[in-house]
Amino acid sequence: MTPWLTVVGIGEDGFSGLGKQARRALLSASRIFGSPRQLALLPRCVVGERSHWPSPFSLAPVLALRGEPVCVLASGDPMFYGVGASLARQVPAEELHVLSMPSSCALAAARLGWPLQEVQVVSVVARPLAALNAHLYSGMRLLVLSNDGQSPAAVARQLCERGFGPSRLHVLEHLGGAEERHLRGTAEDWPHARTADLNVIAIDCQAAIDTPRLSPVTGLPDSAFRHDGQLTKRDVRAITLARLAPQPGELLWDVGAGCGSIGIEWMRAHPSCRTLAIEADEGRQGHIEYNRDALGVPGLQLVRGKAPQALADLERPDAIFIGGGVTREGVLPFCWERLRPGGRLVANAVTLQSELALANFREAHGGELTRIHVAHAQPLGNFDTWRQALPITLLDVVKPLDA
């Protein structure tokens, strides 16, 4: 089938910077969709009807013209955080022709002399700035796709709040165009309250001396979380997450989430991991909301309610962690029934009653029980001795594929 839909990546240099294929597609299109800025880059010789994207944004007007010669304008590379990727999910590949230009990140890396494969790209276009926090490590280089002209100053404040005030910032405006400009400074001394709306932010991350070290490996220090004592402690948390074994794109139910530590570290394992954190206590719900933003996973979804009632209409998970409430009637059976075949269920118990519930569940469904003992050296007079934390019983069970 001859493609009816052409997505044209257009740069700041406009129509004159396009190749022959892109120009030909635009000249022969009956309808052209794009933002007002993009459409204004087209000369008068492009006679197709020009249509702005609807608000709220929708692809429906494009999809309704299937079979007509239609063009869609996109900034730079349409398949890189662009409308081309959205269209490709709904239009068969044989009906779609994508003509790319260099992305803003490719241009920024070229201007800075940064090898693009060594840079982490983060988008804050219509996304929370808190997503940046998961990528803040000394020596890390970030390219941030900016939402507007206020984003650079907001990013600078965010860096200072997270202890990364010494980081070097570059703001590159109107890349590839006649108005291109390069602004420089540190986050703690950033002088520009506003920049051009069309910009990319480059960050050479540098932590202040006293900034806590937060590793991407599971087992963050307990001090990284705001909590009321309802917290899966660091060593047990690392063991628990190793058993949950997060993989890209998987969904976790964190049941009785407390401060959300398990679900948060699950999502930090990979950007595509997702968590539904179920918590009934209002105070702990506030801790979860604070922790998810502070630790860079604002996409964690808080479910306000008590299991099993709050679980009824939730998407089926790939893994479930039960940190509290294993003795509550119906929690374990309901979680097991909703878990996807091949999924993992991990539950922790401290009391005799909750241990018994896990032992009975293991008798019915198999799995492995592990006893975790952790002791810490603490002062005893002029000496030190071991202080034993409460032992934890951990159940780890995989649901059969034919269940």
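Modeller: Helices (H or I, at least four residues) and strands (E, at least two) are DSSP runs, numbered from the N terminus. This is a predicted model, where local features need pLDDT of at least 70, side-chain atom pairs count only at pLDDT 80 or more, and totals for chains, interfaces and linings use all residues. Residues are numbered from 1 along each chain as its sequence is written, and side-chain values use heavy atoms, with hydrogens and water left out.

Colleague: How many helices and strands does the chain have by that rule?

Modeller: Eleven helices and 19 strands. Over residues 5-189, 23% is helix and 24% is strand. The end C-alpha atoms of that stretch are 47 Å apart.

Colleague: What makes residues 5-189 a unit to report on?

Modeller: A record. UniProt lists them as "domain: Tetrapyrrole methylase", in an unreviewed entry. UniProt positions follow the numbering used here, feature names are shortened, and annotations may be inferred rather than shown by experiment.

Colleague: Why is alanine 126 called buried or exposed?

Modeller: Buried means under 20% relative accessible area, exposed over 50%, and partly exposed in between (1.4 Å probe, protein chains only). Alanine 126 has 74% relative accessibility, so it counts as exposed. Alanine 126 sits in the loop between β6 (120-123) and β7 (141-145). Its phi is positive, about 55 degrees, although it is not a glycine.

Colleague: And histidine 174, buried or exposed?

Modeller: Its relative accessible area is 17%, so histidine 174 is buried. Histidine 174 also has a positive phi, about 50 degrees, without being a glycine. Its loop runs between β8 (168-173) and β9 (181-186).

Colleague: How do you know that α8 is mostly covered?

Modeller: Eight of its eight residues are buried. They run from Ser261 to Arg268 and include Ile264 and Trp266. The cover includes α7, β11, β12 (274-279), α9 (282-294), β14 and β15. Contact here means heavy atoms within 4.5 Å.

Colleague: Which residues of α10 (residues 331-338) are buried?

Modeller: Val331, Leu332, Cys335, Trp336 and Arg338. Among the elements covering them are β11 (251-255), β15 (344-349) and α11 (352-365).

Colleague: What makes a set of residues a nonpolar core?

Modeller: The members are buried Ala, Val, Leu, Ile, Met, Phe, Trp, Tyr and Cys residues, joined through side-chain atoms within 4.5 Å. The largest such core has 28 residues. Phe225, Leu244, Leu252 and Trp266 touch the most other members. At least two residues each come from α7 (234-244), α8 (261-268), β14 (319-322) and β19 (392-398). α8 gives the most, with four. Apart from this core lies another of 26 residues, including Val326, Trp336, Ala357 and Leu395.

Colleague: What is phenylalanine 225 in contact with, leaving aside neighbours within four places in sequence?

Modeller: Its partners include Leu220, Leu231, Arg237, Ile264 and Leu295.

Colleague: Which peptide bond in the loop before α3 stands out?

Modeller: The one from serine 55 to proline 56 is cis, with omega near 5 degrees. Proline 56 lies between β3 (49-52) and α3 (60-63). Alanine 307 and proline 308 are also joined by a cis bond, with omega about 5 degrees. Proline 308 is in the loop between β13 (301-304) and β14.

Colleague: How many residues does the whole chain have, and what share is buried?

Modeller: There are 403 residues, and 48% are buried. The C-alpha atoms fill a box of roughly 80 × 55 × 35 Å, taken along the principal axes. Among contacts between residues at least 6 apart in sequence, 64% join residues at least 24 apart.
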